[in-house]
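Reader: I'm in my first year and still learning to read protein models. Could you take one part of this one and walk me through it slowly, side chain by side chain?

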Amino acid sequence: MSQSLDSSATVEHLAARLPADPPVDPHEPAIRQRLSTIRSEVTRVVTGLRWNGLSIAAASQHLMALLDVGPVPQWQPVLIPLLVEIDRAGNLLPAWFHIIQNSPDPVVAPRENPADSTQGRVRRIALLMLGNYKQPQLARQNEAGSYFWQGASSEDITACTLVDLLGTLATDAASSLYAVQSLLKLDTNAARQALLKALNAAQGWARVDVIEGIIHLNQPHFHDLLLASGLEHAPALESYVTSSLYRAIPLATYLQAETPPHLAQQAARVLAQVLRQSMTPPTPAVASQSSLPIVFERDLAVLAHALFADAQARPTWQNTMALHTLGMLLGRYWEEISRGTIQDQRITESVYACLPMMPEVEQWMATQGRATLYQALEQSEQGVHPPIVETLEELREHEFVEH
């Protein structure tokens, strides 16, 4: 069962990273009519809950049938604002809680996206709606409507219970993609704390989502935390994590003598992974920023010089491995540049700026670099450390820089 859930989460997360279809057009007659119906029916549900004794379960069932409109990414920009406009007071919060807690994703076949099922779609809409209620207790201020808050969960819904629920859901790959969005939308101290707390428990795709959420906060004082623990507990998904960290964190500043060693080592690991991801030169036509290999999105020469200086000052297997990977990448790109198949100045200028230092790097790798890797391998508690072994094998088979 857990393998099935992991597979479903992978399908959904990979689909979310594909180019998105355009949002539905609210001015298109059929869409406008559908939205008008939703407005009327949701308003009726709100009225029923607040004044006419409609049960939370019945309200949830009605919403489930009403909001199965289509793919969430296409409807989200139009549907969520409409629902917020109808329910600014938060009268529907008990129903959203009920849907989230009692409508789990159905079991789907391999390669099917659970977000495309009826329950999956409406549950994700409910998750996204939770990000719009910073003060849910205000909905209880009217005495006449206070009764319907009881029984929505084990206790009254407050800002605290709402954030706690989202924090828990952020650690579950089946809901993290949307729970993180809601925590960011709330933008409260409690929501930010819940996101940081989720980093300790999240694994796999949930960890990728939480890390991307923390990066979205754009708070440089979180960089140390992200570097220190970001690469853990996301097996086979490291490339997604390192891509986000590389774009968000100025790694060169961590490859400095005054940086704590463990952070410098993690910065080197991130750089090495991104170099690996960018190892294959692009096709001759690099037409857009999106098609540029990720390593060239930052100043590669600055990173290369900082990396080599760090390796010379305090050699570790992490910065040695990153240096080796840098040499392999530069060799491959220089070959394509020499052939004329790469002419994009964003790439050629970066490669040219790195080449003068490479003879010295090659000499260092042949001596201190190899010695550092062998020493690290001998001291490894596991006996065999795959990244170190792979690097040593490559060093025996290839010249460090081919040019």
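**A close look at the side chains**

Author: Happily! Let's begin with Ser 60, which has its place in helix α3, residues 56–66. Keep in mind as we go that this is a predicted model. Is Ser 60 buried or exposed? Its relative accessible area is 3%, and under 20% counts as buried, so Ser 60 is buried.

Now look at what surrounds this serine. Setting aside neighbours within four places in sequence, Ser 60 is in contact with Ala 95, His 98 and Ile 99. The C-alpha atoms of Ser 60 and Trp 96 are separated by 7.2 Å, although the two residues are 36 residues apart along the chain. The side chain of Ser 60 also has polar partners. One is the side chain of His 98, with a polar contact at 3.3 Å. Another is the backbone of Ile 56: its oxygen lies 2.8 Å from a polar atom of the Ser 60 side chain.

From here, let's move along the chain to Asp 310, which is found in helix α14, residues 300–313. With 4% relative accessibility, Asp 310 counts as buried because the limit is under 20%. Which side chain does Asp 310 meet in a salt bridge? The partner is Arg 314, at 2.7 Å from N to O. Arg 314 is buried as well, just as Asp 310 is. Beyond the neighbours within four places in sequence, Asp 310 is in contact with Leu 255, Gln 256, Ala 264, Pro 315 and Asn 319.

One name in that list, Ala 264, leads us to helix α13, where Ala 264 is among the buried residues. Helix α13 covers residues 261–277, and you can check its length yourself. At 1.5 Å a residue, its 17 residues should span 24 Å, and the end C-alpha atoms are 25 Å apart, so the two values agree. Other buried residues of α13 include Leu 263, Val 270, Leu 271, Val 274 and Leu 275. What do the buried residues of α13 pack against? They pack against α11 (223–229), α12 (238–248), α14 and α15 (317–339). Two of these helices, α12 and α15, will come up again below.

Let's take α15 next, and its residue Arg 339. Arg 339 forms a salt bridge with Glu 335, and the closest N and O atoms are 2.7 Å apart. Both residues lie in helix α15, four residues apart, which is about one turn of the helix. Arg 339 has another partner, Glu 336, with the closest N and O atoms 3.3 Å apart. Glu 336 and Arg 339 are three residues apart in α15, so about one helical turn separates them. Why do such spacings suit partners in a helix? An α-helix has 3.6 residues a turn, so residues three or four places apart point the same way.

The surroundings of these three side chains are worth a look too. Arg 339 is exposed because its relative accessible area is 57%, and the limit is over 50%. Glu 335 is partly exposed, with a relative accessible area of 34%. Glu 336, at 18% relative accessibility, counts as buried. Elsewhere, salt bridges that share partners join Glu 12, Asp 105 and Arg 124 into one network. In total, the model has 15 salt bridges.

Now for the rings. The model holds four aromatic pairs. In one of them, the rings of Trp 205 and Tyr 240 have their centres 4.9 Å apart and their planes at 55 degrees, so this pair is tilted. Trp 205 lies in helix α10 (residues 204–216) and Tyr 240 in helix α12, so the pair ties together parts that are 35 residues apart in sequence. Trp 205 is buried, with a relative accessible area of 5%, whereas Tyr 240 is partly exposed at 26%.

Trp 334 and Tyr 352 form another aromatic pair, this one edge-to-face, with 5.7 Å from centre to centre and 70 degrees between the planes. Trp 334 lies in α15 and Tyr 352 in helix α16 (residues 345–354), so this pair ties together parts 18 residues apart in sequence. Trp 334 is partly exposed, with a relative accessible area of 25%, and Tyr 352 is also partly exposed, at 43%.

One last ring to find: Arg 50 lies over the face of Trp 51, at 5.7 Å from the ring centre.

Conventions: Residues are numbered from 1 along each chain as its sequence is written. This is a predicted model: local features need pLDDT of at least 70, side-chain atom pairs count only at pLDDT 80 or more; totals for chains, interfaces and linings use all residues. Side-chain values use heavy atoms; hydrogens and water are left out. Helices (H or I, at least four residues) and strands (E, at least two) are DSSP runs, numbered from the N terminus. Buried means under 20% relative accessible area, exposed over 50%, partly exposed in between (1.4 Å probe, protein chains only). Contact means heavy atoms within 4.5 Å. The expected span of a helix is 1.5 Å times one less than its number of residues. A polar contact is a pair of N or O atoms within 3.5 Å; within protein, one must be able to donate a hydrogen and the other to accept it, and residues adjacent in sequence count only if both atoms are side-chain atoms. A salt bridge is a side-chain nitrogen of Lys or Arg within 4 Å of a carboxyl oxygen of Asp or Glu. Rings of Phe, Tyr and Trp (its six-membered ring) pair if their centres lie within 6.5 Å; planes under 30 degrees apart count as stacked, over 60 as edge-to-face and the rest as tilted. A charge sits over a ring if NZ of Lys or CZ of Arg is within 6 Å of the ring centre and within 35 degrees of the ring normal.
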